[in-house]
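This report introduces a structure to a reader who has not met it before. Please look over the sequence and the model before reading on.

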Amino acid sequence: MTDTTLMDRVTRFIDTLQQSQALGLTVTDAAHNHLVLCLPYSKQIIGNPETGVIHGGAITTLMDTASGSVMICALPEFELCPTLDLRVDYMRAAEPHKPVYARAEAYRVTRNIIFTRCEAYQEPGKAVAQCVGTFMRIGKEATPKSYRDLITGDAHDNG
Amino acid sequence: MTTAEVLRYTQETGDFSRMLNDIPYATFIGLECERFGDDLIFRLPRKASNIGNPILPAIHGGVIGGFMELSAAIYLMMSQEVLRMPLIVDFSLDYLRAGLDRETFAECRLTRQGNRVANVMITAWQKSRNEPIATARAHFLLED
């Protein structure tokens, strides 16, 4: 799959997640087993009113979304994989008024489990947070075909 | 009102509305809190914008995480009289069941309080407390 195809698929996928829409998540970069999402700064996700720093929960959601969507870039076919666990380390507070990016990869894919890692940053090389996760493979058949076609962009071809 | 005053007001009255109004992220996901004696129960009512799985539909795993993280921070502020938002260091979250599109609850337990670091356990459930949808563990730094 080309990087453009991957980017289109991930974009269509996160556009179906209402919470990602509410946060304004966008796809910055997609390639084989590589995905970067962007969380724009907004007042509605501030966790500390005194400093204007966004809440860790928004960063957790950004990293969960990036880690869960990198499957689209790592697997031959679209599969929805539920999260088994996430471990998030917060290294520094995100600076207000700047977007946060999350770069994810699946570093091990097995028949049943996918192991991911993800880094959230504002400036390259200065991590705001880091996350490792495990996701369960429940098979592509667990996801309705109509939804899979919507993500792969085949919805119209198949009538 | 300063943060310290809001905290004192909340501790005295058990009315969390002012505190939660001051935290935009709490409003964003719709977090609520109620005190029963010394116990705090956190509540996340159904909210369309919290959905992260359109097929089931289910709440976004990140929102469940954010809900539990913020619950733990508020719980810590209330029980330890920390006069500011504690800093989260790390957060480890196990998803046990799908968080369906319905009301979710959480409760916290202070596992260990050191001089600088606190360890908090969080449990989230929906229909029954005996069937948690997620459990989590967080470390918070209480000073800079």
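The paragraphs below treat the contact between the chains, the nonpolar core and some local features of the backbone.

The structure is a predicted model.

**Contact between the chains**

Chain B and chain A touch through 31 residues of chain B and 33 residues of chain A. On the side of chain B that touches chain A, the elements giving two or more residues are helix H3 (24-29), strand E3 (51-53), helix H4 and strand E5 (87-95), each of chain B. The largest contribution to this side comes from E5(B), with eight residues. Sorted by class, this side of chain B holds 17 nonpolar, ten polar and four charged residues.

Strand E5(B) is also paired across the chains: strand E5 (residues 83-90) of chain A is joined to E5(B) by five bridges, and the two strands run antiparallel. Within E5(B), Ser92(B) is the residue that stands opposite Arg87(A).

**The nonpolar core**

The largest nonpolar core has 91 residues, and the members that touch the most others are Leu62(A), Met63(A), Ala102(A), Phe67(B) and Met68(B). Helix H4 (residues 61-80) of chain B gives the most to this core, namely twelve residues.

Which residues surround Met63(A), leaving aside its neighbours within four places in sequence? Met63(A) is in contact with Val88(A), Ala102(A), Cys118(A), Ala120(A), Ala129(A) and Cys131(A), once those sequence neighbours are set aside. Ala102(A) thus appears both in this list and among the core members that touch the most others.

**Local features of the backbone**

In chain B, the peptide bond between Leu56(B) and Pro57(B) is cis, with omega at about -15°. Pro57(B) belongs to the loop between E3 and strand E4 (58-59) of chain B.

In chain A, two residues other than glycine have a positive phi, as the table sets out.

| Residue | Phi | Loop in chain A |
|---|---|---|
| Asn33(A) | near 50° | between strand E1 (26-31) and strand E2 (34-39) |
| His97(A) | near 70° | between E5 and strand E6 (100-109) |

Are these residues buried or exposed? Asn33(A) counts as partly exposed because it has 17 C-beta neighbours inside 10 Å, a number between the limits of 12 or fewer for exposed and 20 or more for buried. His97(A) is exposed, because 9 other C-beta atoms lie within 10 Å.

Methods. Residues numbered from 1 in each chain as written. Chains lettered and ligands numbered in written order. Predicted model: local features only at pLDDT ≥ 70, side-chain atom pairs only at ≥ 80, totals over all residues. Core = buried A, V, L, I, M, F, W, Y, C linked by C-beta atoms within 7 Å. Helix = DSSP H or I, 4+ residues; strand = E, 2+ residues; numbered from the N terminus. Contact = placed C-beta atoms within 7 Å. Nonpolar A, V, L, I, M, F, W, Y, C, P; charged D, E, K, R; others polar. Pairing = 2+ DSSP bridges.
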